[in-house]
Amino acid sequence: MNIATILIAVTMIGALAMALRGSRGRASGLESWSVGGRSFGSVLVFLLMAGEIYTTFTFLGASGYAYGKGAASYYILCYFPLAYVVSYWLLPAVWRFARANALVSQASFFAAKYDSRALGLLVTCVGIIALVPYLVLQLKGLGIIVSTSSYGVLSPTFGMIVGASVIALFVAVSGVHGPASIALIKDVMILLVVAFLGLYLPYRIAGGIGPMFAALDKAHPHSLAFAARGQSVAWFDSTVALTACGFFMWPHSFASIYTARDEKTLRRNAVVAPLYGLLLLFALFVGFAALLRVPGLTGKDIDLALFKVALAELPPVVVGLIGAAGVLTALVPGAMMLMAASTTLARDIYPLARGAASDREVAIAAKAFVPVVAAVALYFALTGGDTIVALLLMGYALVTQLFPALMVSLAPRRVFTASGAFAGICVGVAIVMVTTITKTGVATVAPGLPGWMLDLNIGVVALGANVLTALAVSLATGVVPARGAARVPAQ
Amino acid sequence: MSLKWLGLLPWLALLAGMPFVNRVEPFVFGLPLPLAWATGCTILSAATLLVIYRLDPANRARQDPA
């Protein structure tokens with residue numbers, strides 16, 4: 001046992017204790033457990049939603065991607081502000097409808113808007129499938145953190161198993177109040193750690209940020225601007241657009257919209273959030289500094305960049321503090337995801353098998369699903385070999401397929417019919433799944449197209465097919481209702 | 001309605017602008033040009049949203065007096 005390992009163990013135990021305390025004396029209904037009784041103010045909602053950018057993805061994924069892919073990593077800085085520009089109008093509209101109809105999950109939103117339980121089910125399935133890679137990457141991050149900051153005493157496998165158990169326990173005992181109670185500590189810690197590393201390491205290694213980039217440009221020419229082919233500007237633009245549109249489509253981000261007290265909270269958040277995202281710049285600096293100091297990591301090992309450079313440059317106590325911050329960044333968002341998946345399984349799938357279920361029963365089922373989902377994610381984390389960013393991009397390509405159906409459902413008149421939206425989402429998701437599994441891209445399917453089109457993110461291509469299918473099927477199934485009829489009352 | 005058009009500004013600046021700044025030099029504040037552009041667009045997003053927030057009559061409504 002070294003000092004770093006002890007710090008990490010203390011953090012995990014401390015987080016659990018705080019979760020228990022945060023949940024004491026709360027009503028135990030599903031609405032309180034999953035959306036905090038819709039009572040959270042600006043700061044909490046902000047932390048829960050912006051939680052996404054401060055996950056292990058930021059911490060290990062972003063720095064690793066900068067290390068391994070150079071300019072392509074700039075996309076990580078960009079989608080967050082653009083997503084919040086859309087959010088200014090999107091989130092209040094979603095919140096208003098959700099509150100009026102007492103909705104707690106993303107699927108119930110689609111089901112109510114389109115008056116179609118089938119569509120609600122489909123959305124549930126897409127959300128859960130997309131969440132799996134996202135949860136997997138949190139666990140992978142935990143494995144890396146535990147094994148590297150214990151200086152190899154504990155294995156990554158051990159780290160992932162402990163991590164998955166802690167997250168599951170955390171969610172089961174406290175619901176949304178647990179993540180909320182440590183969200184602030186986690187964000188402050190990660191902010192300090194990443195800002196420190198992002199400033200200190202470039203100075204220590206190269207004498208400053210400017211000199212660092214100048215040195216990198218000499219050592220790795222062409223890595224600091226986008227390539228002409230492959231991860232080109234066309235790839236960048238399509239990836240940023242895709243991830244910006246998908247940002248709020250995750251079941252857990254969607255549910256955190258519901259926790260807001262009023263609409264103004266959501267609009268005010270939109271103004272501040274882009275600046276919050278600037279922290280990612282420091283995460284990229286860490287990756288670039290690591291490339292100068294500890295070159296040679298390839299494949300999925302690029303995710304180790306942050307810790308490798310920290311181990312090379314910093315004393316064990318500091319490595320332990322970095323590890324502790326890292327544990328929290330995996331724990332809070334991991335808990336939000338696990339809870340969103342369990343809530344939606346219990347509310348939207350379980351009653352199908354069980355017939356009519358009482359609220360109490362659904363609340364119990366939601367907690368019972370927690371360890372099941374955690375176990376599935378753990379299985380994939382132990383067996384898969386992708387990098388953190390590759391996993392996240394896969395999830396994004398899937399979850400963004402819900403975006404068109406959501407946007408048009410908010411329009412004053414109906415554009416997609418329920419079957420149209422259903423067919424569109426199916427086509428989009430199918431394209432993403434097939435290309436991911438067979439590892440093909442646009443270039444393999446249609447090599448004759450102009451160069452820039454070959455570089456497009458496959459998720460964008462799937463999105464195009466999604467919209468076209470939805471429109472075609474909506475026209476075919478006809479009966480586009482008259483103006484104003486789109487406001488479908490909830491059952 | 002017009003406020004939504006304003007929201008397009010950061011999207012256009014980033015996505016349409018990037019092809020024109022895709023070279024390493026000149027370094028801006030020590031950053032390679034595309035990264036400096038991306039950082040600038042992040043700040044532009046916040047600034048645009050602040051203007052929108054100020055102009056939007058919805059935020060002058062009663063709600064909470066903060």
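These are my notebook entries on how chain A meets chain B in this predicted model.

**Entry 1: the interface as a whole**

I started with the head count. Chain A puts 37 residues into the contact and chain B puts in 34 residues. Next I looked up the area: the two chains, A and B, bury about 3300 Å² between them, and 73% of that is on carbon and sulfur atoms. I wanted to know which three residues of chain A supply the most of its buried area against chain B. They turned out to be A:Leu82, A:Trp89 and A:Lys264, with 19% of what chain A buries there.

**Entry 2: polar links**

How many salt bridges are there between chain A and chain B? I got zero. For polar contacts across the interface of chain A and chain B I noted three residue pairs, both partners at pLDDT 80 or more.

**Entry 3: the chain A side**

I then went through the elements of chain A that give two or more residues to the side touching chain B. My list reads α5 (75–100), α10 (209–219), α11 (233–246), α13 (263–276) and α14 (279–293). The top contributor is α5(A), which gives nine residues. Sorting this side of chain A by class, I wrote down 30 nonpolar residues, one polar and six charged.

**Entry 4: α11(A) on α1(B)**

I picked out helix α1 of chain B, residues 2–17, and checked how α11(A) packs on it. The angle is about 150° and the axes are 9 Å apart. Anything over 145 degrees counts as roughly antiparallel, so that is what I call α11(A) and α1(B). From α11(A) the contact uses A:Phe236, A:Asp237, A:Val240, A:Ala241, A:Ala244 and A:Cys245; from α1(B) it uses B:Trp11, B:Leu14 and B:Leu15. By class I have eight nonpolar residues, no polar and one charged for α11(A) with α1(B).

**Entry 5: α5(A) on α1(B)**

How do the axes of α5(A) and α1(B) cross? I noted roughly 170°, with the axes coming within 10 Å. That makes α5(A) roughly antiparallel to α1(B). On the α5(A) side I listed A:Cys78, A:Leu82, A:Val85, A:Val86 and A:Trp89. Opposite them, α1(B) brings B:Leu3, B:Lys4, B:Gly7, B:Pro10, B:Trp11 and B:Leu14. The class split for α5(A) with α1(B) is nine nonpolar, one polar and one charged.

**Entry 6: cross-check**

I went back over my lists for repeats. A:Leu82 and A:Trp89 are among the three residues that supply 19% of the area chain A buries, and both are in the contact of α5(A) with α1(B). B:Trp11 and B:Leu14 touch α11(A), and they are also in the list for α5(A).

Note on methods: Residues are numbered from 1 along each chain as its sequence is written. Chains are lettered from A and ligands numbered from 1 in the order in which they are written. This is a predicted model: local features need pLDDT of at least 70, side-chain atom pairs count only at pLDDT 80 or more; totals for chains, interfaces and linings use all residues. Side-chain values use heavy atoms; hydrogens and water are left out. Contact means heavy atoms within 4.5 Å. Buried area is the accessible area (1.4 Å probe) that two parts lose on being put together, summed over both. A salt bridge is a side-chain nitrogen of Lys or Arg within 4 Å of a carboxyl oxygen of Asp or Glu. A polar contact is a pair of N or O atoms within 3.5 Å; within protein, one must be able to donate a hydrogen and the other to accept it, and residues adjacent in sequence count only if both atoms are side-chain atoms. Helices (H or I, at least four residues) and strands (E, at least two) are DSSP runs, numbered from the N terminus. Ala, Val, Leu, Ile, Met, Phe, Trp, Tyr, Cys and Pro count as nonpolar, Asp, Glu, Lys and Arg as charged, and the others, Gly among them, as polar. Axes are lines fitted to C-alpha atoms, for helices over the stretch in contact, and angles run from 0 to 180 degrees between N-to-C directions. Angles under 35 degrees count as roughly parallel, over 145 as roughly antiparallel, 65 to 115 as roughly perpendicular and the rest as oblique.
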